[in-house]
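Welcome! Please take a moment to look over the protein below, and then we can explore its inside together.

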Amino acid sequence: MFTNRRLNEAYRTATVKIFDKNSKFVFFSDTHRGDDSISDEFARNQALMVSALRYYYERDYTYVEVGDGDELWEHKSFKHIRTAHTDIFTVLKKFFQKDRMIIIYGNHNICMKYPAYVRRNYYSFYDEYQDKQVALFPKIKPIEALVLKHSETNQEILVLHGHQGDFLNDQFWRPTMFALRYFWKFMHLVGFRNPASPAKNQSKRHKIEKNYAKWIEKNQKMLICGHTHRFKFPKNGQYPYFNTGCGIHTKGVSCIEIVNDEVMLIQWRIEANRQGIMHVVRNIIRGPRPIKEFDMRNHDVSNHTT
């Protein structure tokens with residue numbers, strides 16, 4: 001019940017963006033950029049992510065970060081994250097300057113919903129090389145949810161992180177954050193799992209996905225989110241629930257693309273060619289499929305499954 005209410009709230013207050021067949025979007029989530037310490041699980045994928053971002057920037061995609069981009073639960077100071085991942089923020093700044101970047105906050109960077117925090121940390125930073133304050137993302141406005149609305153069909157796609165209605169990561173987020181920052185941050189390094197994390201709790205992850213499927217059925221909306229760290233692309237007969245996966249998997253980085261009115265699931269990874277030379281590859285895992293196939297207004301939802 002609470003999940004349904006939170007999703008409805010997010011939908012009602014979402015930023016609406018009109019798109020058409022010429023629009024290009026890429027959705028990443030859960031990169032959990034850290035400070036390049038031993039607890040920074042994203043550090044191993046930084047070069048891979050830079051290559052992916054450059055690919056999308058050069059091809060005029062709009063970058064949508066679907067929550068938990070920066071690991072602000074484990075790390076109090078954003079400046080250490082920015083310094084650790086300078087190459088990432090250099091490319092993101094290019095997206096921002098072209099008005100092709102949308103930041104959705106998740107539970108691990110929920111403090112981005114507070115304008116004062118964003119103004120203090122994200123508008124600019126002190127560049128030690130230039131010995132002065134330098135612009136980063138001036139006047140950026142992170143949002144909780146995005147609704148993509150097709151200009152011709154009026155089909156709507158709701159995009160949010162996916163923690164909405166997850167008690168420990170939503171309304172109880174402050175105690176959960178402190179528990180992670182001062183306890184689980186260190187315990188997971190020696191093999192213990194954080195019970196609040198859906199990424200490490202299979203039953204919790206499935207419960208979240210079932211609750212979201214109920215909302216999809218009731219509201220007949222296509223949904224893109226993250227949070228569980230498990231990428232998802234619906235098969236025939238399943239509800240239009242898409243999950244970007246995450247950016248901290250040892251096998252690579254996954255994302256969702258929408259281009260030419262089609263949606264697909266992508267995985268970026270490093271592979272060796274026949275000569276043994278390592279290089280970055282982009283693999284299509286699922287799709288492409290026309291987004292109109294996921295417009296539930298035109299289909300009978302009674303036979304859909306999770």
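Which residues have the most contacts inside the largest nonpolar core? In this predicted model, they are F28, Y56, Y63 and Y122, and the core they belong to has 43 residues.

**Where the largest core comes from**

- Several helices and strands each supply at least two residues of this core: the helices are α2 (46-58), α3 (78-84), α4 (86-97) and α5 (115-121), and the strands are β2 (24-28), β4 (101-104), β11 (253-259) and β12 (262-272).
- The largest share, seven residues, comes from α2.

**A closer look at Y56**

- Leaving aside residues up to four places away in sequence, Y56 touches V26, F28, Y61, F95, R100, C255, E257, I266, W268 and R282.
- F28, one of these partners of Y56, is also among the core residues with the most contacts.

**A second core**

- There is also a separate core of 22 residues, and its members include I157, V159, M222 and I256.

**Cavities inside the protein**

- If you hunt for enclosed spaces, you will find two cavities of 30 Å³ or more.
- The second largest cavity has a volume of about 70 Å³.
- Its lining is made by R33, E65, D70, F89, L92, M101, I103, M112, Y122, F137 and I140.
- Both α4 and β4 give two or more residues to that lining.
- Eight of the lining residues are nonpolar, three are charged and none is polar.
- Y122 links two of our topics: this residue lines the second largest cavity and is among those with the most contacts in the largest core.

Notes: Residues are numbered from 1 along each chain as its sequence is written. This is a predicted model: local features need pLDDT of at least 70, side-chain atom pairs count only at pLDDT 80 or more; totals for chains, interfaces and linings use all residues. Side-chain values use heavy atoms; hydrogens and water are left out. A nonpolar core is a set of buried Ala, Val, Leu, Ile, Met, Phe, Trp, Tyr and Cys residues joined through side-chain atoms within 4.5 Å. Buried means under 20% relative accessible area, exposed over 50%, partly exposed in between (1.4 Å probe, protein chains only). Helices (H or I, at least four residues) and strands (E, at least two) are DSSP runs, numbered from the N terminus. Contact means heavy atoms within 4.5 Å. On a 1 Å grid over the protein atoms alone, a cavity is a set of points where a 1.4 Å probe fits but cannot get out, and a pocket is an open set with protein on both sides within 12 Å along at least five of seven lines; lining residues have an atom within 4 Å of a point. Grid points are joined across faces, edges and corners, and a volume is the space filled by probe spheres set on the points. Ala, Val, Leu, Ile, Met, Phe, Trp, Tyr, Cys and Pro count as nonpolar, Asp, Glu, Lys and Arg as charged, and the others, Gly among them, as polar.
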